[in-house]
Amino acid sequence: MTPSGQEPEPSKSRQRRERERAETRAEILRAARELARAEGWEAVSMRRLADRIGYSTNYAYRYFKGRDDILLAFVKDGFARLADNMRSSGTSVQAAAAAYLDFALDEPDLYQVMYGLGGVHVPAAETVSEGDAVGAVMADALGVTNPDDDRIARIWATAHGLAALHAIRKLPVDRTHLHRLLAASVDDLLRAPRQPEGDAR
């Protein structure tokens, strides 16, 4: 018997089905990212993915509700990984900001879908908590508890702006130069007097 309050352990057949489902979802996501890298995110469709992995379109719909559901999976995973990278980079604001920029440069296709760049339409309203996790890492680095502290948005906007400008080739400089620009901007922000709480923004 299962002790009171404890969930029974799933049967071996159920465990196998769950494992196979996770593997198939991962296969579909791999195919989606490969297609996006080759042709852009707009090329990703349930039909194209089904053809690519040798399944019927109806079969693919057993694992994702549709294209938006696939994009949503990438957005959630991307923000979770970004927050983890920033968190593991160190405790300083500079380190967290640098990790943010490195992620954007190292994962350009994923970063594109996370922010809906290049005409990609994503259901961003469903990823608020994942995005908030990035702000929380920056708040920890700043040593603040207010998630609306202006400095969080300013650092985030600066890192994102540099990454986005670089992605559309409006800022054709190398990684070292981008990091130098970001570091200088963060230093300037940290040296500026803090705006008192409750001031008009």
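Which residues in helix 4 are buried? Let's start there, since that helix is a nice way into this fold.

Quick housekeeping before I answer. This is a predicted model, where local features need pLDDT of at least 70, side-chain atom pairs count only at pLDDT 80 or more, and totals for chains, interfaces and linings use all residues. Residues are numbered from 1 along each chain as its sequence is written, and side-chain values use heavy atoms, with hydrogens and water left out.

Okay, the answer: the buried ones in helix 4 are Ile70, Leu71, Leu72, Ala73, Phe74, Val75, Gly78, Phe79, Leu82, Ala83 and Met86. When I say buried, I mean under 20% relative accessible area; exposed is over 50%, and partly exposed is in between, using a 1.4 Å probe and protein chains only. And a helix here is a DSSP run of H or I with at least four residues, a strand is a run of E with at least two, and both are numbered from the N terminus.

Let me zoom out for a second. The protein chain has 9 helices and 0 strands. Of its 201 residues, 37% count as buried. Its C-alpha atoms fill a box of roughly 60 × 50 × 30 Å along the principal axes. Now contacts, meaning heavy atoms within 4.5 Å: among those with a separation of 6 or more, 64% are between residues 24 or more positions apart.

Back to helix 4. It covers residues 67–88, which is 22 residues, and reaches 32 Å from its first C-alpha to its last, close to the 32 Å expected at 1.5 Å a residue. That expected span is 1.5 Å times one less than the number of residues. What sits over its buried residues? The cover includes helix 1 (12–39), helix 2 (46–53), helix 5, helix 6 (108–115), helix 7 (128–142) and helix 8 (150–167). Right after helix 4 comes Gly90, with a positive phi near 140°.

Take one residue from helix 4, Ala83. Ala83 is buried, at 3% relative accessible area. Skipping neighbours within four places in sequence, Ala83 touches Ala133, Val134 and Val137. Ala83 and Leu71 are 12 residues apart in sequence, and 18 Å apart in space from C-alpha to C-alpha.

That brings us to helix 7. Its 15 residues should span 21 Å at 1.5 Å a residue, and its end C-alpha atoms are 21 Å apart, so that agrees. Its buried residues include Val134 and Val137, and the buried residues of helix 7 pack against helix 4, helix 5, helix 8 and helix 9. Gly143 follows helix 7, again with a positive phi, this one near 75°.

Just before that, in the loop between helix 6 and helix 7, there's Thr127. Is Thr127 buried or exposed? Thr127 is buried, with a relative accessible area of 6%. Leaving out neighbours within four places, Thr127 is in contact with Leu72, Val75 and Lys76.

Now compare two other loop residues. Pro147 lies between helix 7 and helix 8, and Pro147 is exposed at 62%. Arg169 is in the loop between helix 8 and helix 9, and Arg169 counts as exposed at 68%. Arg169 also has a positive phi, near 60°, and isn't a glycine. For context, most residues other than glycine have a negative phi.

Last stop: helix 9. It has 17 residues and reaches 24 Å end to end, C-alpha to C-alpha, close to the 24 Å expected. Its buried residues are Leu178, His179, Leu182, Val186 and Leu189. They cover an arc of only 95° around the axis, which puts them on the same side of helix 9; the arc uses the directions from the helix axis to the C-beta atoms. The face turned away from that side carries the exposed Thr176, Arg180 and Arg191.

Helix 5 and helix 8 are among the elements covering helix 9's buried residues. Helix 5 (93–106) and helix 9 (175–191) pack at about 145°, axes 10 Å apart. Those axes are lines fitted to C-alpha atoms over the stretch in contact, and angles run from 0 to 180 degrees between N-to-C directions. Among the residues that meet are Leu101 and Leu105 from helix 5, with Leu182 and Val186 from helix 9.

That's my tour; thanks, everyone.
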